[in-house]
Amino acid sequence: MILDILDEERHRVVARKRRQRAGLRLSTLSPEPLLSLSTSFPSEKCNGKQLVTRSAIGTAEATGAVNLGPGTPVRPTTILVVGSTGTLGRQIVRRALDEGYDVRCLVRPRPAPADFLRDWGATVVNADLSKPETIPATMVGVHTVIDCATGRPEEPIKTVDWEGKVALIQCAKAMGIQKYVFYSIHNCDKHPEVPLMEIKYCTEKFLQDSGLTHVIIRLCGFMQGLIGQYAVPILEEKSVWGTDAPTRIAYMDTQDIARLTLVALRNEKCNGKLLTFAGPRAWTTQEVITLCERLAGQDANVTTVPVSVLRFTRQLTRCFEWTSDVADRLAFSEVLTSDIVFSVPMTETYSLLGVEQKDMVTLEKYLQDYFTNILKKLKGLKAQSKQSDFYI
């Protein structure tokens with residue numbers, strides 16, 4: 001997000017001062033003795049199906065871990081963010097650091113290290129949800145886990161979003177994690193035909209049955225996703241893809257989601273609750289495109305894909321083993337392009353959290369800020385280009 005990039009330097013300065021005051025040493029955690037993961041868990045079934053998982057139970061036992069019994073109490077401000085490099089995860093990290101939390105980020109080993117997280121003041125630990133044996137060490141000394149991870153587009157959905165999450169929850173239970181925050185999808189319980197939504201719902205049930213103190217937060221949509229989907233193509237005069245369905249989605253700024261999450265984290269009344277976060281207003285695809293056109297000052301080149309085409313494509317890809325995951329993702333797209341409203345009244349949630357709707361960023365304000373900043377930059381680049389042409 002452009003607005004995030006613009007103030008990134010400010011966060012680096014704040015993080016540097018924070019480290020100097022606290023004398024923090026930012027480094028990857030070294031392995032420590034692990035708890036014995038011998039806790040029993042409920043049957044891994046959902047919607048009448050047996051879901052095969054790769055369990056983290058026994059992983060620590062195989063490494064010779066011992067049961068340490070009651071240990072030193074951990075600080076309530078120590079949190080582990082899983083999925084910290086994602087659109088939502090990085091906002092959780094930044095908000096938590098700004099509010100004084102000791103933030104640890106679980107990051108998969110990668111060619112390009114997540115140095116920006118360290119620059120902000122977080123500690124980075126390497127682990128992979130598809131490898132349960134790497135998880136336990138990341139939770140030593142952690143009070144709360146905030147789970148906003150999801151699989152990469154090229155990965156089978158079950159690898160991270162089901163098998164990895166079950167291993168994560170099992171570890172959290174066995175390691176004595178005090179609170180677990182899980183992000184899900186609005187209406188996931190109503191669409192078992194969509195693999196990702198079914199998995200989210202099954203993970204909710206698994207977490208609820210685990211006995212962990214938890215908060216489940218269902219989300220409708222991110223405003224940040226609209227930049228690449230609509231704003232950038234319009235500015236670059238490229239095709240904007242849409243459908244003929246009247247779906248309405250109440251998009252929310254991930255910075256607001258992060259803020260409300262940390263409020264819910266501190267509010268004991270939220271323990272065990274299933275909350276749904278939605279933006280101030282639900283928008284159709286055409287309304288979003290029209291708003292972007294107005295703010296950009298130019299028309300969009302819209303290519304409309306009928307929902308019937310998505311249905312046909314989904315059935316076709318189901319016929320081949322190597323395209324089954326594509327079909328799963330198309331199924332999700334089909335739901336998003338059907339006659340559904342992804343929104344809920346937020347009055348009770350605002351009251352529970354002690355916040356006001358007027359403090360929530362509207363889509364108009366979010367996109368206006370984006371276009372104002374990006375158009376200002378484009379004008380500056382054009383002015384520089386003209387000056388260069390003049391002197392050449």
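**Close-up 1. β4, helix α5 and β5 make a right-handed β-α-β unit.** This is a predicted model, and the unit shown here is built from strand β4, residues 102-107, helix α5, residues 115-120, and strand β5, residues 123-126. The two strands run parallel, with 4 bridges joining them. If you want a single pairing to look for, take Val107, which stands opposite Asn126 in β5.

**Close-up 2. Helix α5 carries an aromatic pair, Phe116 with Trp120.** Staying with the helix of the β-α-β unit, we find two ring-bearing residues placed 4 residues apart, about one turn of the helix. The structure holds 3 aromatic pairs. One of them is Phe116 with Trp120, an edge-to-face pair at 5.1 Å centre to centre, with 75° between the planes. How covered are the two partners? Phe116 has a relative accessible area of 18%, so with the cut-off for buried at under 20% it still makes the grade. Trp120 is buried too, with a relative accessible area of 3%.

**Close-up 3. Tyr370 and Phe371 form another edge-to-face pair.** These two are sequence neighbours, as their numbers show. Their ring centres sit 5.4 Å apart and the planes meet at 80°, so the pair counts as edge-to-face. Both partners are under cover: Tyr370 is buried at 5% relative accessible area, and Phe371 is buried at 1%.

**Close-up 4. Helix α4 is mostly covered.** The helix spans residues 89-98, and 7 of its 10 residues are buried. Which ones are they? The buried set is Gly89, Gln91, Ile92, Val93, Arg94, Ala96 and Leu97. Just past the helix, have a look at the backbone of Gly100, where phi is positive, near 95°. For the wider setting, buried residues make up 50% of the 392 residues in the protein.

**Close-up 5. Val81 in strand β3 touches residues from several parts of the chain.** The strand covers residues 78-82, and Val81 is buried, with 0% relative accessibility. What does Val81 touch, once residues up to four places away in sequence are set aside? From helix α4 come Gly89, Ile92 and Val93. From strand β4, the one in the β-α-β unit, come Val103, Arg104, Cys105 and Leu106. Ile146 and Cys148 complete the list. Val145 is also worth picking out: its C-alpha is 6.1 Å from that of Val81, although the two are 64 residues apart along the chain.

**Close-up 6. Thr261 sits in helix α9 and is buried.** The helix runs over residues 254-266, and Thr261 has just 1% relative accessible area, so it counts as buried. Leaving out residues up to four places away in sequence, Thr261 touches Ile92, Val181, Tyr183, Ile217 and Phe277. Ile92 is one of the buried residues of α4, and Val81 touches Ile92 as well. As for Tyr183, its C-alpha lies 9.9 Å from that of Thr261, with their positions 78 residues apart along the chain. Contacts that span the sequence are a theme across the protein: among those between residues at least 6 apart, 78% join residues at least 24 apart.

**Close-up 7. Asn301 in strand β12 is partly exposed.** Here we move to residues 301-305, the extent of β12. Is Asn301 buried or partly exposed? Its relative accessible area of 43% makes Asn301 partly exposed. Its contacts, apart from residues up to four places away in sequence, are Lys238, Ser239 and Val240. Glu237 is 64 residues from Asn301 in sequence, yet the two C-alpha atoms are 6.9 Å apart in space.

**Close-up 8. The cysteines make 0 disulfides.** Cys188 is in no disulfide, and the nearest cysteine sulfur, that of Cys202, is 9.0 Å away. A disulfide would need the two sulfur atoms within 2.5 Å. Cys188 counts as buried at 1% relative accessibility. Cys292 is buried as well, with a relative accessible area of 0%.

**Overview. The protein has 14 helices and 13 strands.** Zooming back out from the close-ups, the protein exposes about 19,200 Å², and carbon and sulfur atoms supply 52% of that area.

Technical notes: Residues are numbered from 1 along each chain as its sequence is written. This is a predicted model: local features need pLDDT of at least 70, side-chain atom pairs count only at pLDDT 80 or more; totals for chains, interfaces and linings use all residues. Side-chain values use heavy atoms; hydrogens and water are left out. Two strands pair if DSSP finds at least two bridges between them. A crossover is right-handed if, with the strands pointing away from the viewer, the path from the first strand over the helix to the second runs clockwise. Buried means under 20% relative accessible area, exposed over 50%, partly exposed in between (1.4 Å probe, protein chains only). Contact means heavy atoms within 4.5 Å. Accessible areas come from the Shrake-Rupley method with a 1.4 Å probe; for residues, only the protein chains shown count as cover. Rings of Phe, Tyr and Trp (its six-membered ring) pair if their centres lie within 6.5 Å; planes under 30 degrees apart count as stacked, over 60 as edge-to-face and the rest as tilted.
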